[in-house]
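Let's take a walk through this one, pockets to begin with and the packed interior after that. Keep the viewer open as you read.

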Amino acid sequence: MARGTPCLRLWQFLDRRRPRSYYQRMKVFLSHANSDDSLARKLADRLNLAGLTVWDPQEEIVPGDNWAKKIGRALDDSDLLVILLTPSALKTEALRRDIEFAIGSKKYEDRVYTVFVGPTVGAGKDMPWILFKLPHCQVESANDFDNVVKEIAELANSGTQAPF
């Protein structure tokens with residue numbers, strides 16, 4: 001397309017009239033235990049396909065980086081926090097820290113979604129009670145992520161709590 005055509009001018013006009021955030025994808029921080037990397041990758045891939053940008057520590061943190069600083073910056077830059085819980089994940093200190101940060105942060109008020117993966121019996125007794133007050137879903141496996149992704153995308157686009 002040649003420079004100065006009506007289409008180009010229209011896009012330039014739209015860029016000035018809309019906030020920059022209008023053209024950016026919603027940023028998601030996916031908190032999970034290292035032992036659940038493959039499960040988290042499956043959820044992140046589906047969230048990306050749904051139009052969300054998921055921060056990936058494997059791409060963003062390289063040997064020698066200050067990982068705590070990088071994670072802190074990613075939390076600050078994210079618009080939504082998704083917590084991926086499995087029975088074994090609840091035993092990790094890093095995941096508990098992310099949960100405490102999200103619950104105590106004004107930024108993440110109404111912007112936290114928990115996905116508990118595992119048997120229904122374990123979800124109630126293992127999941128911290130405060131997470132039941134926030135949008136959440138329990139699924140048996142990654143095969144059930146379709147509805148989860150839909151709910152997370154709705155929460156990301158609505159700016160309010162999703163129904164649960």
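In this predicted model, 28 residues line the largest pocket, and His32, Asn34, Pro57, Ile71 and Asp98 sit nearest its centre. If you want to find the walls by secondary structure, look at β1, α2, β2 (53-55), α3 (57-60), α4 (67-77) and α5 (93-104), which each give two or more residues to the lining. The pocket's volume comes out at about 640 Å³. Sorted by class, its lining has 16 nonpolar residues, seven polar and five charged.

Now for the runner-up. The second largest pocket has a volume of about 320 Å³, and of its 16 lining residues, Thr53, Val54, Trp55, Asp56 and Glu60 are the closest to its centre. At least two lining residues come from each of β1, α2, β2, α3 and α4, with α4 giving the most, at four. What classes do the residues of this lining divide into? Eight are charged, five nonpolar and three polar.

On to the interior. In soluble globular proteins, nonpolar side chains tend to be buried together. Here the largest nonpolar core counts 24 residues, and Leu43, Leu84, Val115, Phe145 and Ile152 have the most contacts inside it. Two or more core residues come from each of β1 (27-31), α2 (37-49), β3 (80-85), β4 (112-117), β5 (136-139) and α7 (145-158). Of these, α7 gives the most, with six. There's also a second, separate core of 18 residues, which includes Ala74, Ala102, Leu131 and Leu134.

To get a feel for the packing, centre your view on Val115: leaving out residues up to four places away in sequence, its contacts include Leu43, Leu84, Phe145 and Ile152.

Notes:
Residues are numbered from 1 along each chain as its sequence is written. This is a predicted model: local features need pLDDT of at least 70, side-chain atom pairs count only at pLDDT 80 or more; totals for chains, interfaces and linings use all residues. Side-chain values use heavy atoms; hydrogens and water are left out. A nonpolar core is a set of buried Ala, Val, Leu, Ile, Met, Phe, Trp, Tyr and Cys residues joined through side-chain atoms within 4.5 Å. Buried means under 20% relative accessible area, exposed over 50%, partly exposed in between (1.4 Å probe, protein chains only). Contact means heavy atoms within 4.5 Å. On a 1 Å grid over the protein atoms alone, a cavity is a set of points where a 1.4 Å probe fits but cannot get out, and a pocket is an open set with protein on both sides within 12 Å along at least five of seven lines; lining residues have an atom within 4 Å of a point. Grid points are joined across faces, edges and corners, and a volume is the space filled by probe spheres set on the points. Ala, Val, Leu, Ile, Met, Phe, Trp, Tyr, Cys and Pro count as nonpolar, Asp, Glu, Lys and Arg as charged, and the others, Gly among them, as polar.
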